[in-house]
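Trainee: Could you take me through the ligand site in this model, up close? I'd like the contacts and then whatever surrounds them.

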Amino acid sequence: MKVVKIGKPFETDGIENFAGIKEVFNVQALFEGTAIQYTQDDKITLKYKMAKEDIIYGLGENMRGINKRGGIYESFCTDDPSQTPDRRSLYGAHNFFIIDSEPLPVGIFIDFPGRVTFDLGYSHRDDLEVIIDGLDVKIYLISGANKLEIVEQFLRAIGPSFLPPKWAFGYQQSRWSYESAQVVRDLAKSFDQEDIPLDAIYLDIDYMKDYKNFTVDEVAFPDFKNFIKEIKEKGIRLVPIIDAGCKVEEGYFLHEEGVQNKYYCVDEHDQPFVGAVWPGKVHFPDFINPKARQWFGNHYNKLIDLGIEGFWNDMNEPAIFYTEKGLKSAIDHAVACKDKNLDIHTFFQLKDQFVGLSNRLEDYQSFYHKKDEKLYNHLALHNLYGYNMTRAAGEAFEVNYPDKRILLFSRASYIGMHRYGGIWTGDNHGWWEHLLLNIKMMPSLNMCGFIYSGADIGGFGANTDAELLMRWSQFAVYTPLFRNHSCMGTRQQEPFRFDENTTSTLRDIIKFRYAFTSHLYSEFMLSNQHFKMLFKPLSFEYNDQESKQVEDQLLYGSSLMLAPIYQANQLGRYVYLPETMLKWVIKSEHDYTLEAVEKGQHYFNVETEAWLNFIRVNQMVMLNKSCNRTDDIDASVMKCLGYIKDEGAYVLYTDDGISRNTDGEEFVLVASYADKTLTLSHKGSGPVKIIHYEIITTDQVEHKGVYYV
Ligand code: MIG
């Protein structure tokens, strides 16, 4: 891995571990041996002529496919609730990508906090162009024998992920909003009555008093501390939202402290910058300033001390509904239009005045951050805002709660933020297209370090439907963040809001997730410790031509290939197998089938209640018995499913799931097959005592039995 520093780049702290990174002192040395060209005028441009077969992977949270070629993307954290195919920016700025070309792939990370445009064959089919909006940047180049090696180097450099507590791998229910204690109480009760597992309920903005951070609406949530305790006694955690904008209100502690200590971003007159979001007028904490970070981060204690163990940070692109200036000019425009006969042009001009009020470039340009007594225009550091909000919380948690993991995830992000929190993918819709987007996005998020992530299951905006929710949940069984969330005004989409069959199917899916949690947790922790992706495109492990084309199947951890169904009314799908695998069709923890399948293209029937997985050769999966809370998972009696040719070793990592200590135990189950005899043995240690195994060998013999540890 090499880096070149151009100009005077702002230190983003994207990279954490510089060991093994070689600094070179000119761009020629950086790009030596590649065909990447560098030019510089008022911007920096990288150019590369793509060969016909070249594939571009990466860019984290973005639209389109696993292969990013053909599209144009802009790293500019954006609050845009309409994730349509033409969108160039979503909430994150993840400037890491791999050009997969002959003879060797190469990885590039553009460490730049302002806007970067990736034109990957959009303007000219074979031209890759990266345009950096500035002249101060660090560019990293990673070479390696293959894509996995490149990703591993990158993940090592950006450091391991924050550690979510184990309960954060359970099913989580959210909606904007569960607006009162009674609603939350009833919700928890419904889950128990319906016998659907649940680990967390989310509190959206309405739990706050007038949308003020770190306050609680005492009318809607009286005696919050005892309420948290009451719900926790049922084994359910409450996860409140925190917003970037802080209400301007005399006497409100956050306002007073922030203004007095100059912790807010300032305008050109060195006055706290005023924008407007939920609470009306707000100031934005200057998270670039380490002191402001510390101050804001410490305020989370208020809720933690009441018993809260997790948070989600929202609106931190930052989203700005409007500024006074913007609003005034729109209103003036409207007044001037009064009683006029508006034609097509003047009418749309008027309309656009209001439509364009939010997240205006002029507004982003009109405020400043301070670091080491130096002022920086927000636009130049835009992509670091959400990152540093989440860092504020994460850093404070490390200091204030060194022994405990606290769940934290964010909407906006930049490379490196994963060390403090995960991400959810923002305001998607209850559209089939967004289930597919979720599938395609997981590997690129993992490439950028975001391993604790997931989408709003069922879709946030628009009304979902039962089938979509079932199919989406079947895929989300595998995403570390497993949260159903929806927008105010949409159809309610908790798992029991549909017909009885749907409830029962969703119950089975969610219960399966709980049976799968030991495996998932172990794969998550091992991937993180060894700097590996959890979700991978097939082409990251298989070199054949077909695997490179596959956009709707994923490798998962070390043992599985997933082939989700992501279209309506599909009772089956085509699957490409790069080698022989064990088809595992799951309806529930107890109801599944196993069947060895040959390499090649196949069509498989899959009813709506079932989903398709494949266990890879010489690999196994371990399931615990399902339960309704992750705290109740018992890993002493396990079921092992496997597909063995000659020898496979399965590692199950376990730890207490709540302390920050990660030297848990590793239990290794070894299955060897020789002379028609299957032999099981084990190494290491862990809670596992009894293993009920169902292992199919590649000669199609089924081996069933019990192994006592
Ligand atoms: O503009 O807090 O993405 O999850 O429910 C909407 C209300 C603000 C956006 C988040 C969404 C959340 C919603 N927030």
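Mentor: Here's a walk through the ligand site, followed by the fold, a few backbone oddities and the cavities.

Keep in mind that this is a predicted model. Start with who sits around the ligand: the shell has 13 residues, and the ones that come nearest are Asp 204, Asp 314, Arg 411, Asp 427 and His 485. By class, that shell splits into 8 nonpolar, 1 polar and 4 charged residues.

Now the individual contacts, each to an oxygen atom of the ligand. Asp 427 has a polar side-chain atom 2.4 Å away from one, and Asp 204 places a polar side-chain atom at 2.5 Å. For His 485, an N or O atom of the side chain is 2.8 Å from a ligand oxygen. As for cover, the ligand on its own would expose 350 Å², and the protein buries 95% of that.

Zooming out to the chain that holds the ligand, you'll count 15 helices and 41 strands. Its radius of gyration is 26 Å, close to the 27 Å from the globule rule for 709 residues, so the chain is as compact as a globular protein of that length. If you're setting up a box, the C-alpha atoms fill roughly 85 × 65 × 55 Å along the principal axes.

A few backbone spots deserve a look as well. Most peptide bonds are trans, and most residues other than glycine have a negative phi. Against that background, Trp 176 and Ser 177 are joined by a cis peptide bond, with omega at about 5°; Ser 177 is in the loop between β13 (171-173) and α3 (181-193). Another cis bond links Glu 317 to Pro 318, with omega about -5°. Pro 318 belongs to the loop that runs from β19 (310-314) to α7 (324-337), and Asp 314, one of the residues nearest the ligand, falls within the numbering of that β19 strand. Then there's Leu 59, whose phi is positive, near 65°; you'll find Leu 59 in the loop between β5 (55-58) and β6 (72-75).

Last, the enclosed space. Searching the whole structure turns up 7 cavities of 30 Å³ or more, and the largest has a volume of about 90 Å³. Its lining includes Leu 155, Pro 160, His 418, Asn 446, Phe 531 and Lys 532. Sorted by class, the full lining comes to 4 nonpolar, 7 polar and 1 charged.

Note on methods:
Residues are numbered from 1 along each chain as its sequence is written. This is a predicted model: local features need pLDDT of at least 70, side-chain atom pairs count only at pLDDT 80 or more; totals for chains, interfaces and linings use all residues. Side-chain values use heavy atoms; hydrogens and water are left out. On a 1 Å grid over the protein atoms alone, a cavity is a set of points where a 1.4 Å probe fits but cannot get out, and a pocket is an open set with protein on both sides within 12 Å along at least five of seven lines; lining residues have an atom within 4 Å of a point. Grid points are joined across faces, edges and corners, and a volume is the space filled by probe spheres set on the points. Ala, Val, Leu, Ile, Met, Phe, Trp, Tyr, Cys and Pro count as nonpolar, Asp, Glu, Lys and Arg as charged, and the others, Gly among them, as polar. A residue is near a molecule or strand if one of its heavy atoms lies within 4 Å of it. A polar contact is a pair of N or O atoms within 3.5 Å; within protein, one must be able to donate a hydrogen and the other to accept it, and residues adjacent in sequence count only if both atoms are side-chain atoms. Accessible areas come from the Shrake-Rupley method with a 1.4 Å probe; for residues, only the protein chains shown count as cover. Helices (H or I, at least four residues) and strands (E, at least two) are DSSP runs, numbered from the N terminus. The radius of gyration is taken over C-alpha atoms; the globule rule is 2.2 Å times the number of residues to the power 0.38.
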